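I opened the notebook to look up ring pairs, a helix face, cysteines and charged pairs. My entries follow the model.

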Amino acid sequence: MNLFEIDARLTACIKLDSGDFVDTETGEIVDTEAIEKLEMDRAEKLRNIGCWIKNLKSDIDALKAQEKAFVDRRKSAESKVKSLTDYVSAYLNGTAWKCTECEFRWRTSESVVFNGDIKKVPVEYLRCKEPELDKTKIKKALKEGIEIIGCSLEKKASVSVK
């Protein structure tokens, strides 16, 4: 039984003058022990979900740490590849070299080098990013009473599990 079903069963019960409870949906008389059991079931279900959330958060922290370790190892390997490639490039100085396991070849390429004033470049040669909201500044302005079209503060409730 899930939490909503437990709550529905508890809500459907009405206490009589005799101290018994009646299930308004089924008409059956439910004893106090059954009500207590439902309340205990609800508490156990909430405890289990809370513990599960805490375990998942712990897993997330461990996975983030592992991700960081992998990123650090990848960056280190990339740096080493660049360093070794630069070393071999300087040594071979444009001369090709080959063996059965690897090969060093050279190719030519072109790239644009810019060292001028970007304001002097014609607009058709520029890329512009889409504007994005600075929500921190908007929130501060709204709290100060400044109206911003299309923006409002919304209060939300968030649960924390500890």
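**Entry 1: ring pair**

I began with Trp97, which is partly exposed at a relative accessible area of 42%. I use buried for under 20% relative accessible area, exposed for over 50% and partly exposed for in between, with a 1.4 Å probe and protein chains only. Phe104 is also partly exposed, at 31%.

I noted the ground rules here. The model is predicted, so I keep in mind that local features need pLDDT of at least 70 and side-chain atom pairs pLDDT 80 or more, while totals for chains, interfaces and linings use all residues. Residues are numbered from 1 along each chain as its sequence is written, and side-chain values use heavy atoms, with hydrogens and water left out.

How many aromatic pairs does the structure hold? I found one. The ring centres of Trp97 and Phe104 are 6.0 Å apart and the planes sit at 45 degrees, so I logged the pair as tilted. The rule takes rings of Phe, Tyr and Trp (its six-membered ring) with centres within 6.5 Å; planes under 30 degrees apart are stacked, over 60 edge-to-face, and the rest tilted.

**Entry 2: helix α3**

I moved to α3, which spans residues 135-143. Helices here are DSSP runs (H or I, at least four residues), numbered from the N terminus. Which residues of α3 are buried? I listed Ile138, Ala141 and Leu142. These three cover an arc of only 100 degrees around the axis, which puts them on the same side of α3. The arc is taken from the directions from the helix axis to the C-beta atoms.

I then checked the other side of α3. Thr136, Lys137, Lys140 and Lys143 are exposed there. Gly145 follows α3, and its phi is positive, near 95 degrees.

**Entry 3: cysteines**

I searched for disulfides, meaning a pair of cysteine sulfur atoms within 2.5 Å. The count is zero. Why does Cys99 not bond to Cys102? Cys102 holds the closest cysteine sulfur to that of Cys99, but the distance is 3.7 Å, too far for a bond. Cys99 is partly exposed at 30% relative accessible area. Cys128 is exposed, at 68%.

**Entry 4: charged pairs**

Side chains of opposite charge can pair when their charged atoms come close. I counted a salt bridge when a side-chain nitrogen of Lys or Arg lies within 4 Å of a carboxyl oxygen of Asp or Glu. The whole structure gives six. I wrote up some of them.

Glu44 and Arg47 meet at 3.3 Å, N to O. Both sit in helix α2 (residues 32-92), three residues apart, so about one helical turn separates them. Glu44 is partly exposed at 37%. Arg47 is partly exposed at 46%.

Where do Asp86 and Lys82 lie? Both are in α2, four residues apart, about one turn of the helix. Their salt bridge is 2.9 Å, N to O. Asp86 is partly exposed at 41%, whereas Lys82 is exposed at 53%.

I closed with Lys156 and Glu154, whose side chains form a salt bridge at 3.9 Å, N to O. Lys156 is exposed, with 71% relative accessible area. Glu154 is exposed as well, at 61%.

Note on methods: Helices (H or I, at least four residues) and strands (E, at least two) are DSSP runs, numbered from the N terminus.
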